[in-house]
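Reader: I am new to this structure and would like to go through it slowly, one question at a time. Could we begin once it is in view?

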Amino acid sequence: MAATKWLRALNTISKEFDEDDLKPTLPVIVIPAFNPDQRLLHLVTTLQESRELFEAIVIVNDGSESPKLFTAIKPSENLHVLSHDKNCGKGAALKTAFRWVVDHKPSAPGVITADADGQHLPEDIVKVLEAFKQQPQALWLGSRNFKEKGIPLRSWLGNTFARYTFQLGLRIKVPDTQTGLRGIPYTLLADLIETPSNHYEFELDMLILAKQQGLQFSSVEITTVYEEGNASSHFKPLQDSIIIYKKFLKFSSVGIASASIDYGLFALIYGLTGEILVAIAAARMVSGVFNFTLNRQWVFGRGSSLTRDATKYTLLAVTLIGLNYIFTKSLLWLGVTPFIGKPLAEVIVFLLSYRFQKKLVFRSSTH
């Protein structure tokens, strides 16, 4: 009888232990900070009122000029401050935090990233936390509404350009590509840590990596916060925009040069022969060698071996020639002359080309 009671007690303890062991942990909040002000302290204090929603807060001092504000943040069991000796960039700060999460919270479902400059309200961070809790396998974006009045022109232009570029070129459709308030699945952290980008372009590279992993994109609308002149922002519109879109802009410039060669040869050969397919194939052969060489060496960097890259590029080029022919011929049936129809077809082919070259041809150099 005593043995039976002991076995029942042991079974109850074992069941309770298993239930606790299987209980899912909570996400970690990550806040990169460079020269923050009192708003960071307010943000942390307010978030601690909802501490049941997250596992920990990790703040990364990215080489701020003064450590005084960070010394006012008292580390605790669920609050950790990491530091860089010098300013390394927002992407580098996020990667430092992600490494900490992988090392110290490997059972966390992911992280919630937020900015330290007051752009993200505590209640919006909580909204993303709660949404992420319901579906931690998706990449969640706290998205601003750019249709609201009072949006700064540079913010509207930057987001609009990025949104349509990603939608047309990479088939990534999200309402806000530049938001720093995100819920990131744990499965994405390892690839993000290995990403070479260290500045604002890191957040756009994150979207590409999520797309490559086949993750679902979800969004929560958040409050749009802009201060007068955006004084606390460390984003330099011209310099940082060039960094963010550097690869796509380089690809575009090579594409324009290749298109000029391609169209010139197409017009010459079509004018002499009247054969659309022959003109397209011959022009693409010459412009393709030019395009492949510059994209491999200058835009994407070397992929794998020259033979493998050239083989994959040739197969892609043949496919795109076929699509170009179909589009151009279809427009001709609609009464559009090839001298106009081919440039229209080239726009579609260009966007497809960027996507497939990045994902398939030179894939190993973009990870």
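Reader: Does Asp124 count as buried or exposed, and at what relative accessibility?
Author: This is a predicted model, and what follows is computed from it. Buried means under 20% relative accessible area. Because Asp124 falls under that cut-off, it counts as buried, and its relative accessibility is 3%.

Reader: Which residue does the side chain of Asp124 meet in a salt bridge?
Author: The partner lies in helix α5 (residues 122–134) together with Asp124, and the two are three residues apart, about one turn of the helix. This partner is partly exposed, with a relative accessible area of 35%. The distance from N to O is 3.9 Å, and the residue that meets Asp124 is Lys127.

Reader: Which residues are joined into one network by salt bridges that share partners?
Author: One pair in the network is formed by the side chains of Lys90 and Glu203, which meet at 2.9 Å from N to O. That pair links distant parts of the chain, with Lys90 in helix α4 and Glu203 in helix α8, 113 residues apart. Both of these residues are buried. Through shared partners, the salt bridges join into one network Lys90, Asp115 and Glu203.

Reader: Which residue forms a salt bridge with Lys105, and where does that partner lie?
Author: The two side chains meet at 3.5 Å, N to O, and the partner of Lys105 is Glu55. The pair links distant parts of the chain, 50 residues apart, with Lys105 in the loop between α4 (90–104) and β4 (110–113). Glu55 is partly exposed, with a relative accessible area of 27%, and its place is the loop between α2 (38–47) and β2.

Reader: How many of the residues of α8 are buried?
Author: Helix α8 (residues 201–212) has 12 residues and reaches 17 Å from its first C-alpha to its last, which is close to the 16 Å expected. Its buried residues include Glu203, the partner of Lys90, as well as Phe202, Leu204 and Met206. The helix is largely enclosed by the rest of the structure, because the number of its 12 residues that are buried is 10.

Reader: What phi does Gly214 take, just after α8?
Author: Gly214 follows just after the end of that helix, and its phi has a positive sign. The value is about 75 degrees.

Reader: Which residue has a positive phi although it is not a glycine?
Author: Most residues other than glycine have a negative phi. The residue in question lies in the loop between β1 (28–33) and α2, and at 29% relative accessibility it counts as partly exposed. Its phi is about 50 degrees, and the residue is Asn35.

Reader: Which strands stand at the edges of the sheet?
Author: Seven strands form an open sheet with mixed pairing, in the order β3-β2-β1-β4-β6-β5-β7. At each edge there is a strand with a single partner, so one side of it is left without a neighbour in the sheet, and these edge strands are β3 (79–84) and β7.

Reader: In what sense do strand β2 and β3 run, and which residue stands opposite Ile57?
Author: Strands of a sheet pair through backbone hydrogen bonds, either parallel or antiparallel. Strand β2 (residues 56–62) is joined to β3 by six bridges, and the two run parallel. Opposite Ile57, in β3, stands Leu79.

Reader: With which strands does β5 pair, and how many of its residues are buried?
Author: On one hand β5 pairs with strand β7 (residues 217–221) in the parallel sense over five bridges, where Ser143 has Glu221 as its bridge partner. On the other hand two bridges join β5 to strand β6 (residues 182–185), and these run antiparallel, with Trp140 opposite Gly183. Leu139, Leu141 and Ser143 point one way from β5, while Trp140 and Gly142 point the other way. The strands paired with β5 are thus β7 and β6, and the buried residues of β5 (residues 139–143) number five of five.

Reader: Which residues make the nonpolar surface patch, and what is its area?
Author: One member, Ile261, has its place in helix α10 (residues 246–273), and at 32% relative accessibility Ile261 counts as partly exposed. The patch is made by Ile261, Met285 and Val286, and its area is about 280 Å².

Definitions and conventions. Residues numbered from 1 in each chain as written. Predicted model: local features only at pLDDT ≥ 70, side-chain atom pairs only at ≥ 80, totals over all residues. Heavy atoms only, no water. Patch = residues over 30% accessible without salt bridge, like charges linked within 9 Å, V, L, I, M, F, W, Y side chains within 5 Å. Areas by Shrake-Rupley, 256 points an atom, 1.4 Å probe, with all protein chains shown as cover. Salt bridge = Lys/Arg side-chain N within 4 Å of Asp/Glu carboxyl O. Helix = DSSP H or I, 4+ residues; strand = E, 2+ residues; numbered from the N terminus. Buried < 20%, exposed > 50% of the residue type's maximum accessible area, 1.4 Å probe, protein only. Pairing = 2+ DSSP bridges. Expected span 1.5 Å × (residues − 1).
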